[in-house]
Amino acid sequence: MKRYYCEFCQCSFPDNKTNRQRHMEGGNHQLNRRLHYDSFKDPAQLIEEYCAKPPCRRFFTQGQCPYSLQCRYSHVSFDPTGRPIYPHELKELLDAIARPASPTKEKVKVERVRLPRGWRLRDLPPSLIPPKRPYDLRDVATWGE
C-alpha cells in the first residue's frame, strides 16, 4: 500500500482518503502547518495578529496557559507605560524567524557517490553517471548570467 508523507508533521501513514482526511483535520497537523506558514510572515504582522486576539483569562489569572502559541487568545500583557510585554514562546518564535540564514558562501561538504552493490559505473547510462568533480548547486540560478 502507498504511504503518504506529511512534510509539515514529518510523518507517514497509509495513504487512503480516510487516513489523509483524519490527519489533515488533526490539531497537530493544523498547528504545524500554521507555524510553517507563520515562519514566512513579517514579524511585525505576526505581533499585530497576536495582539488583536482577546486576552486569555487563564494566562492572566493563573500565570500560565497549557496552549501557549496554540491558544486562541492573546498572552500579551502591558506594562504601566503601555508598552507590550510578549510571552517567552512568542519571543522564541520571533527570534527563530529573525535569525539570519547561514551564509551562502560556506564550505561545501563533498559527498561521495556510492552505487548499490553489484552495480558498475561503466554500465550506467550517461545521464546517470555522477560528475567527476563536486559542483556547488546552491547558486544554480546565477548560472548563465
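The structure holds four salt bridges, a salt bridge being a side-chain nitrogen of Lys or Arg within 4 Å of a carboxyl oxygen of Asp or Glu. This is a predicted model, in which local features need pLDDT of at least 70, side-chain atom pairs count only at pLDDT 80 or more, and totals for chains, interfaces and linings use all residues. Residues are numbered from 1 along each chain as its sequence is written, and side-chain values use heavy atoms, with hydrogens and water left out.

**Salt bridges**

- Asp 15 and Arg 20 are joined by one of the salt bridges, with N and O 2.9 Å apart.
- Asp 15 is partly exposed at 23% relative accessible area, and Arg 20 is likewise partly exposed, at 31%. Here buried means under 20% relative accessible area, exposed means over 50%, and partly exposed lies in between (1.4 Å probe, protein chains only).
- Lys 41 pairs with Asp 38, their closest N and O atoms being 3.4 Å apart.
- Lys 41 also forms a salt bridge with Glu 49, at 3.0 Å from N to O.
- Asp 38, Lys 41 and Glu 49 are thereby linked in a network of salt bridges.
- Within this network, Asp 38 is buried, with a relative accessible area of 10%. Lys 41 is partly exposed at 25%, and Glu 49 is partly exposed at 35%.

**Asp 38 and its surroundings**

- Asp 38 lies in helix H2, which covers residues 27-38. Helices (H or I, at least four residues) and strands (E, at least two) are DSSP runs, numbered from the N terminus.
- Leaving aside neighbours within four places in sequence, Asp 38 is in contact with Leu 46 and Ile 97, where contact means heavy atoms within 4.5 Å.

**Helix H3**

- Leu 46, Ile 47 and Tyr 50 are buried in H3. Seen down the helix axis, the buried residues of H3 fall within an arc of 95 degrees, so they line one face of the helix. The arc is that of the directions from the helix axis to the C-beta atoms.
- An α-helix has 3.6 residues a turn, so residues three or four places apart point the same way.
- The buried residues of H3 pack against H2 and H5.

**Nonpolar core**

- The largest nonpolar core has eight residues: Leu 46, Ile 47, Tyr 50, Leu 69, Val 76, Leu 90, Leu 93 and Leu 94. Such a core is a set of buried Ala, Val, Leu, Ile, Met, Phe, Trp, Tyr and Cys residues joined through side-chain atoms within 4.5 Å.
- Helix H3 (43-51) and helix H5 (88-98) are the elements that give two or more residues to this core.
- Leu 90 is in contact with Tyr 50 and Leu 69, not counting its neighbours within four places in sequence.

**Annotated region**

- UniProt, in an unreviewed entry, places the feature "zinc finger region: C3H1-type" at residues 50-78. The UniProt annotation "domain: C3H1-type" also covers residues 50-78.
- UniProt positions are given in the numbering used here, feature names are shortened, and annotations may be inferred rather than shown by experiment.
- Over residues 50-78, the chain is 28% helix and 7% strand. The end C-alpha atoms of this stretch are 14 Å apart.
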